[in-house]
Amino acid sequence: MNNLNTRAIILAAGKSTRFKTKKTKLLFSICGQTMILYPLKILESLDIPITLVLGHQADDVIHELNKKPINNLSYILQREQLGTGHAVACTQHTWDRDHVLILYGDMPLLTKELVQNLINEHIKHDNTISFFTSYVIDPIGYGRVLEKDGKFLIVEEKDCNDEQRYINRINAGIYVMKRAFLHDYISKLDKSSITGEIYLPELIRMACEAGLPVQAISVPFDNIRGVNTLQELWGVEQIKRSEFIKRWMARGVRFELAQSIHIDINVEIGPGSFIGTGAHLLGSTKIGEECFIGAFSIVEDTTLGDSSVIHSHSVVQRCSIGNNAHIGPFARLRDNSRIEDHVEIGNFVEMKNSTIGAYSKTRHLSYVSDATIGSQVKTGPGLIISNFNGSQNSKTVIEDRAFVEGNNTLIAPITIGKDALVTAGSTISNNVPAATSASACIPQTNSPRSITPLAEDDDSEESQKNREHYDKTFQFTGAIKSKKDQRAEF
Ligand code: UD1
Ligand code: CA
């Protein structure tokens, strides 16, 4: 198999100067996956061993990659970033196979099929170098490909003369080269007289001048776009995102305003589901069939069963939600909360690290934290679970069919037993046994009311003074006239 005879070199040592950010561009995320992981995962899936050239912020890149190690990956440090040719020269001792695939770390739209195709063509035609090119409307930033009598020359953007600048055939930045050729020629690369950098594409000119077979293969630009600026990152992410959206549309998912929706690479959505305008589906979110995600909701690292609804403007992170559940609008669920089937969580409810059983309802203005709520439990508006005593979190348990009326504070640790009732406006700090009714609010007393004049009718000396002060300050008496003044005018 061709890949068995190929080693890959990925160049990722550059300083990301054009990004103008502190962090290297290779650690920026595109649809939830770090940019450098895109080429790495392709090569891993093709079973090709990889040498990754690092330099600028190498430790940060290694730290990120260690989170989920890639098979057959080794690192080489390019201490000084002297150019792409120099970066490849630094890897010479790793060229253990007959063919060397070289690509740049900043081309996240590349596909596995294209990489395989380049290797296959290279071996089929016994080329010394095979590389991808594209025809583009706006070639700015890319090396221009000049071809004369089957011989190629790449001229870098900064080195182009006025005529060359208009050439719209560009070098994609992915090559397969024979190891023997690389051995002979890599040390012959010179610094550019204009930028002082050592350019890798110069090897193409050298191979052509030596009469060796070089093949340029044209591929769609959208697959090889490079990312040198934040604007290009935005453009590339738009393309990636629309790839995912088209894929899910083909599988029966309706996107309300597709261009406004953010979706990450590992998200899965069942057929018949509806994704509203501006929704963010992030991380490893899995949405079942016939679900509804309302406009502007954020769903991250969360699983949803079938036929569940997240109404608009809700934020749901690291949760699991069963079938036929209704969440929101304006709900916030987080940190391992488990919502079982047919549960209703309403507006302005925050739920953290809690479980709520089937058919239970918490529909308005509540804070539920570190709680285990059974099934068919109802909690009224304004439930506050006070789980933190200043030094530690404690658990709250509300057992099946309990009913907690509105405006209650439950002070954890606490258990509300099965079928218990907690009446409105209570502060409950002791357990409530099963099938009992608990009340802990201050009893109501009614007494006669002494009536004081309303502020706006107040014509005391002090309020007169106030008015004069405002008159002076704002030069506008209308704004501070009392009702009495108004009455006097009419
Ligand atoms: C490069 C090509 C250009 C091509 C374009 C395609 C060169 C000289 N130019 O230009 O012909 O059209 O890609 O996108 O190769 N890097 C290192 N060490 C260095 C310099 C760079 O590892 O000393 C890495 C960078 O981190 C980056 C990659 O090499 O991942 C490409 O470098 P970059 O500066 O982005 O090259 P371009 O100017 O885009
Ligand atoms: Ca680039």
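**Helix H7 and the two domains**

Helix H7 of this predicted model covers residues 230–250, and its 21 residues reach 30 Å from the first C-alpha to the last, close to the 30 Å expected at 1.5 Å a residue.

Reader: What makes the reach of H7 close to the expected one?

Author: The expected span is 1.5 Å times one less than the number of residues. For the 21 residues of H7 that gives 30 Å, and the model reaches 30 Å.

Reader: Which residues of H7 are called buried, and on what ground?

Author: Leu 233, Val 236, Lys 240, Phe 244 and Trp 248. A residue is called buried if 20 or more other C-beta atoms lie within 10 Å of its own. These five meet that cut-off.

Reader: Why are they said to line one face of the helix?

Author: Look down the axis of H7: the buried residues fall within an arc of 115°, so they line one face. An α-helix has 3.6 residues a turn, so residues three or four places apart point the same way.

Reader: What does the face turned away carry?

Author: Exposed residues: Gln 231, Trp 234, Gln 238, Lys 246 and Ala 250. Exposed here means 12 or fewer such neighbours.

Reader: What covers the buried residues of H7?

Author: The cover includes strand E2 (29–30), strand E13 (262–263) and strand E14 (268–269).

Reader: How do you know which residues of domain 1 and domain 2 are in contact, and how many are there?

Author: Contact needs C-beta atoms within 7 Å. Nine residues of domain 1 meet 14 residues of domain 2 on that test. The touching side of domain 1 has six nonpolar, two polar and one charged residues.

Notes:
Residues numbered from 1 in each chain as written. Chains lettered and ligands numbered in written order. Predicted model: local features only at pLDDT ≥ 70, side-chain atom pairs only at ≥ 80, totals over all residues. Contact = placed C-beta atoms within 7 Å. Nonpolar A, V, L, I, M, F, W, Y, C, P; charged D, E, K, R; others polar. Helix = DSSP H or I, 4+ residues; strand = E, 2+ residues; numbered from the N terminus. Arc of directions from axis to C-beta.
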